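Notebook open, structure loading. I'll jot down what I look up as I go.

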Amino acid sequence: MEDFEVRETQDQLVDRLISINRVAKVVKGGRRFRFSALVVVGDGNGSVGYGLGKAREVPEAIRKAVDKAKRGVVKVPIMQGTIPHEVIGEHGATKVLLLPASPGTGVIAGSTVRAVVESVGIHNVLTKIIGSSNPHNVVKATIKALMSLSDPQEVSRRRGREITDYELYKSA
């Protein structure tokens, strides 16, 4: 059973709810409750974004998070269903290690990293969270790692070399 909810929105972006947190503000008359929602959106073809929304009602918090996530969508290089090379993303006390995997491996990841990676459209990857597993930091570290990936075509163009089939399969 998945820990997050998947919904399809317009523009071909699919949003995944990662966490909802009830927060309380203590005032003279008691507690005032609000909700914060963490959402990841992606098109399954190399684009991903995340957003945090806060409101008095859960649906409104999710809507705000989805709007913020859509505004911050970034492109990620994907090569044959996996990432081009090993990468580490850091945010706060969290490090996320992403390793390319051969076809048929699947997504080996915890629920938070899985939501981000599947939203991007990566089908084969190995991951490890080192340090804090706070969902906010994990999402930010994973997206930082994905943004720091080098596009193989761009690297080959800069080096003045052609990418051979052998090199593509060797790195995957």
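Ground rule before the first lookup: I call a pair of N or O atoms within 3.5 Å a polar contact; within protein, one must be able to donate a hydrogen and the other to accept it, and residues adjacent in sequence count only if both atoms are side-chain atoms. This is a predicted model, so I note that local features need pLDDT of at least 70 and side-chain atom pairs pLDDT 80 or more, while totals for chains, interfaces and linings use all residues. Numbering runs from 1 along each chain as its sequence is written, and side-chain values use heavy atoms, with hydrogens and water left out.

**Entry: Thr 94.** I found Thr 94 in strand β7, residues 94–100. (Strands are DSSP E runs of at least two residues, helices are H or I runs of at least four, and both are numbered from the N terminus.) Buried or exposed? Thr 94 counts as buried because its relative accessibility is 1%; the cut-offs are under 20% for buried, over 50% for exposed and partly exposed in between, with a 1.4 Å probe on protein chains only. Its side chain reaches the backbone oxygen of Ser 132 at 2.8 Å. Skipping neighbours within four places in sequence, I list its contacts (heavy atoms within 4.5 Å) as including Ile 129, Asn 137, Val 138 and Ala 141.

**Entry: the sheet.** I traced an open, mixed sheet of 4 strands in the order β6-β7-β9-β8. Pairing takes at least two DSSP bridges between two strands. β6 (87–91) and β8 (107–108) are at the edges with a single partner strand each, so one side of each has no neighbour in the sheet. β7 pairs with β9 (residues 125–131) in the antiparallel sense over 7 bridges, and I see Val 96 bridged to Ile 129 of β9.

**Entry: helix α3.** Asn 134 caps the N-terminal end of α3, with a side-chain oxygen 3.0 Å from the backbone nitrogen of His 136. Buried residues of α3 include Asn 137, Val 138, Ala 141 and Leu 146.

**Entry: the core.** Which residues touch the most other members of the largest nonpolar core? Leu 98 and Leu 146 do, out of 25 residues. (Such a core is a set of buried Ala, Val, Leu, Ile, Met, Phe, Trp, Tyr and Cys residues joined through side-chain atoms within 4.5 Å.) Two or more residues each come from β3 (30–42), β7, α2 (111–120) and α3; α3 gives the most, 6 residues. Beyond four places in sequence, Leu 146 touches Leu 98, Val 116 and Ile 122, among others. I also logged a second, separate core of 11 residues, including Ala 61 and Val 66.
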